[in-house]
Amino acid sequence: MGLLQKFEDSLDRVVNGAFAKAFKAEVQPVELAAALQRDVDDRASVLDRDRTVIPNVFHVELSDHDYKRLAVFKDALAAELATLVTTYAGEQHYTLLGEVRVTLSEDDELETGIFRVRSEAKAEVTSRAGVVEAAEPASPAAAAAARSAAAPSSVAPVEPEATSSPDAPSAAQSHEPAGSQSGGQPRLEVGGQAYPLVRAITLMGRGTDADIRVEDPGVSRNHCEIVVGNPAIIRDLKSTNGTFVDGARIDECALTEGSIVKLGGTAFTFRSS
């Protein structure tokens, strides 16, 4: 039995035979499954002899009419499509950068029976410190103060630095995150998720020993490290493709509030608190 036939049978069981009785015209679920399978093959990217990366995030756009017909089974359909892609990837020995996710939406510009698939290979980021929802941006005044305190000396003009007690130890000296003294938590944000920098030194990379692991083919196993302090410092660890901060390749530099840290194709936003 072919993979598409298995998909149809599985989905039919999930929704108690509804798909066998309805949807004899317009867009049918098996058409979506076949389109995702073609998209996977068309966009497969060979990195080396052992890795061929494929998309793992799929957005299926349907006409208003087709979407309304399928919406009642949307969750079941999306789950079965994700399972199909995962199974197909295993059969073809493709590499997935993260969990397969499928979403369905409507586009009133599409005609009935016409659909569109958009896909991307999205790196999965994991952290030993866990993941939290990204906080709301700091107020302009707080952000300006953070930028001033963390700005490297080569940047001009420099705003007046925020005052602090000379007796207070730095985060790096005390092995506590800078945010533990200010009530906030320095972190990296990506995709609406926040990854707290809870260690004095946080290792980032593709390796299993990384504190923040980035499953991106452009990321080295030990790519860079962030030293939490005032200011926080990021150092490249002789990575293959380099570490970029605000568009510039760096060996070492200070991080300011809102700095964009890019490793491979994955961009993080640094938040100081």
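How far apart should the ends of helix H5 be at 1.5 Å a residue, and what separation do its end C-alpha atoms have? The model here is a predicted one, and H5 is a handy place to start.

## Helix H5 and what follows

Helix H5 covers residues 74–92, which makes 19 residues. At 1.5 Å for each residue the expected span is 27 Å, and the end C-alpha atoms are indeed 27 Å apart, so expectation and model agree. The buried residues of H5 are Leu77, Ala78, Glu80, Leu81, Ala82, Leu84, Val85, Tyr88 and Ala89. Right after the helix comes His93, with a positive phi near 60°.

One of those buried residues, Tyr88, also has an aromatic partner. The pair count for the model comes to one, and that pair is Tyr88 with Tyr94. Their ring centres sit 6.3 Å from each other and the planes are 70° apart, which is an edge-to-face arrangement because the angle is over 60 degrees. Both Tyr88 and Tyr94 are buried.

## Helix H3

The same check can be run on helix H3, residues 29–43. Its 15 residues should span 21 Å at 1.5 Å a residue, and the C-alpha atoms at its two ends are 21 Å apart, so this one agrees too. Buried positions in H3 are Pro29, Leu32, Ala33, Ala34, Ala35, Leu36, Gln37, Asp39 and Val40.

## The three-stranded sheet

E1, E2 and E4 make up an open sheet in that order, with mixed pairing. At the edges are E1 (45–48) and E4 (95–96), each of which pairs on one side only. E1 runs antiparallel to E2 (residues 51–54), with three bridges between them. Within this pairing, Ser45 is opposite Val53 of E2.

Is Val53 buried or exposed? Its relative accessibility is 6%, so Val53 counts as buried. Setting aside neighbours within four places in sequence, Val53 touches Arg43, Ala44, Ser45, Leu47, Thr95, Leu97, Ala121 and Pro217. There is a long-range approach as well: the C-alpha atoms of Val53 and Asp216 are 9.8 Å apart, though 163 residues separate the two along the chain.

## Asn56, a polar residue in a loop

Asn56 belongs to the loop that runs from E2 to strand E3 (57–62). With a relative accessibility of 1%, under the 20% cut-off, Asn56 counts as buried. Its side chain has a polar atom 3.2 Å from the backbone oxygen of Glu99.

Which residues does Asn56 contact beyond its neighbours within four places in sequence? They are Leu96, Gly98, Glu99, Val100, Arg101, Glu120, Ala121 and Lys122. Glu99 therefore turns up both in this contact list and as the partner of the side-chain polar atom.

## Around strand E14

Further along the chain, strand E14 (residues 232–236) is mostly covered, with four of its five residues buried. E14 has an antiparallel pairing with E13 (residues 224–227) over four bridges, and a hairpin of four residues joins E13 to E14. Here Cys224 faces Asp236 of E14.

E14 also pairs with E17 (residues 252–255), again antiparallel and through four bridges. In this second pairing, Arg235 is opposite Glu252 of E17.

Key
Residues are numbered from 1 along each chain as its sequence is written. This is a predicted model: local features need pLDDT of at least 70, side-chain atom pairs count only at pLDDT 80 or more; totals for chains, interfaces and linings use all residues. Side-chain values use heavy atoms; hydrogens and water are left out. Two strands pair if DSSP finds at least two bridges between them. Rings of Phe, Tyr and Trp (its six-membered ring) pair if their centres lie within 6.5 Å; planes under 30 degrees apart count as stacked, over 60 as edge-to-face and the rest as tilted. Buried means under 20% relative accessible area, exposed over 50%, partly exposed in between (1.4 Å probe, protein chains only). The expected span of a helix is 1.5 Å times one less than its number of residues. A polar contact is a pair of N or O atoms within 3.5 Å; within protein, one must be able to donate a hydrogen and the other to accept it, and residues adjacent in sequence count only if both atoms are side-chain atoms. Contact means heavy atoms within 4.5 Å.
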